[in-house]
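Reader: I should like to work through this structure step by step. Could the two of us take it as a series of questions and answers?

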Amino acid sequence: MHTTIAPKTHLAPTKLASETYLLHDHQGEGTAPVCVPLNAMVIRGVEPIVVDTGMPEHREQFFADLFSIVEPEDIRWVFVSHDDIDHTGNVNELMDLAPNATLVGNWFLMERMGASLAVSPLRQRWLGDGERLDLGDRTLVAMRPPVYDSPTTRGLFDPTTGVYWASDAFSTPMPVPVRDVAALDPMFWDEGMLMFNQYVAPWLTMVDETRFQACVDRVQALGASVIAACHTPMIGRSHLDQALSATRRSTSATVAPQPDQAVLEQIQRTLGGHGS
Ligand SMILES: [Fe+2]
Ligand SMILES: [Fe+2]
């Protein structure tokens, strides 16, 4: 059977705060019951910074969206929140296109990426959890989110706007691409966060409850006005409490199992194979 897949939805960048934009992307649309956000962010201050770099297969749209906001030669910093491909997918190409940019990473990120990171140490700045990055008109703070899937992970907080970039935390699927979690059904969103938190970080069910809640407290104490992250529509002030609440409950929630071999065989049949 031949299935026609509609063209992929494109959401133009969303303004999160003054000079701060969310670059939208997603995957799964048209081929799965839900799709997954794959965002990045840019802060266009005195020293513009790009926060995460999108997926390689969506490179053309990523650069079109990014360069509609900031000229490549004006980009001063490229912050990679951790070493997974959905955050580093265009880092080498972006560093080539932005000759005045410095990559903000850390030692372990460089080690784990190995030869896949084609950025000289001469163009890097290492920023650990809790450390600050002075951009002239603002000083950003690296702040590890409570949920993450790589030891290199740092989030990024901008005290001048209250925007916090949470990397893989607060992730959720979405039935269709949307800009803001306010457009999701509240129950769907809550279950989505619980599920993705445990998928991203299966160790959540094993953590010391008191110590984990202290990690959430640390992020809550930032007093963010907006949370943005790679795998969620933007989370505005009115929805921050629910996002933090779901994170707190993720240690003990019962969530749907991940797709298994039977699902793969369904996919294989859809693709015209036999399955096994
Ligand atoms: Fe990740
Ligand atoms: Fe991710």
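**Two metal sites and a sheet**

Reader: Which residue bridges the iron ion (ligand 1) and the iron ion (ligand 2)?

Author: In this predicted model the two iron ions, ligand 1 and ligand 2, lie 3.5 Å apart. The residue that bridges them is D168.

Reader: At what pLDDT do side-chain atom pairs count?

Author: Residues are numbered from 1 along each chain as its sequence is written, chains are lettered from A and ligands numbered from 1 in the order in which they are written, and side-chain values use heavy atoms, without hydrogens or water. As the model is a predicted one, totals for chains, interfaces and linings use all residues and local features need pLDDT of at least 70, but side-chain atom pairs count only at pLDDT 80 or more.

Reader: How are the donor residues of the iron ion (ligand 1) spaced in sequence?

Author: A donor is an N, O or S atom within 2.8 Å of the metal (3.2 Å for Na, K and Ca), and water is not among the atoms, so sites may look incomplete. For the iron ion (ligand 1), the protein donors lie 1.9 to 2.5 Å away and come from H82 (NE2), D84 (OD), D149 (OD, listed twice) and D168 (OD). Along the sequence, these donor residues follow the spacing H-x1-D-x64-D-x18-D.

Reader: Is D84 buried, partly exposed or exposed?

Author: Buried means under 20% relative accessible area and exposed over 50%, with partly exposed in between (1.4 Å probe, protein chains only). H82 has 0% relative accessibility and therefore counts as buried. D84 has a relative accessible area of 22%, so this residue is partly exposed.

Reader: How many residues apart are H87 and D168?

Author: The iron ion (ligand 2) has D86 (OD), H87 (NE2), D168 (OD) and H231 (NE2) as protein donors, at 2.1 to 2.2 Å. Their spacing in sequence is D-H-x80-D-x62-H. H87 belongs to helix α2 (residues 85–88) and D168 to the loop between β13 (163–165) and α5 (186–200), so numbered from the N terminus as DSSP runs (helices H or I, at least four residues; strands E, at least two). This pair links distant parts of the chain, and its separation is 81 residues.

Reader: Are H87 and D168 buried or exposed?

Author: Both H87 and D168 are donors to the iron ion (ligand 2). In each case the residue is buried.

Reader: With which serine does the side chain of S81 make a polar contact?

Author: S81 sits in the loop between β7 (77–79) and α2, and its 0% relative accessibility means that S81 counts as buried. A polar contact is a pair of N or O atoms within 3.5 Å; within protein, one must be able to donate a hydrogen and the other to accept it, and residues adjacent in sequence count only if both atoms are side-chain atoms. The side chain of S81 makes such contacts with those of H82 (3.3 Å) and H87 (3.3 Å). At 2.8 Å, its serine partner is S167.

Reader: Which residue in β12 stands opposite M143?

Author: Strands β10 to β15 form an open sheet of six, in the order β10-β11-β12-β13-β14-β15, with mixed pairing. Within this sheet, β11 (residues 139–143) and β12 (residues 155–158) are antiparallel, with three bridges, where two strands pair if DSSP finds at least two bridges. Opposite M143 stands G155.
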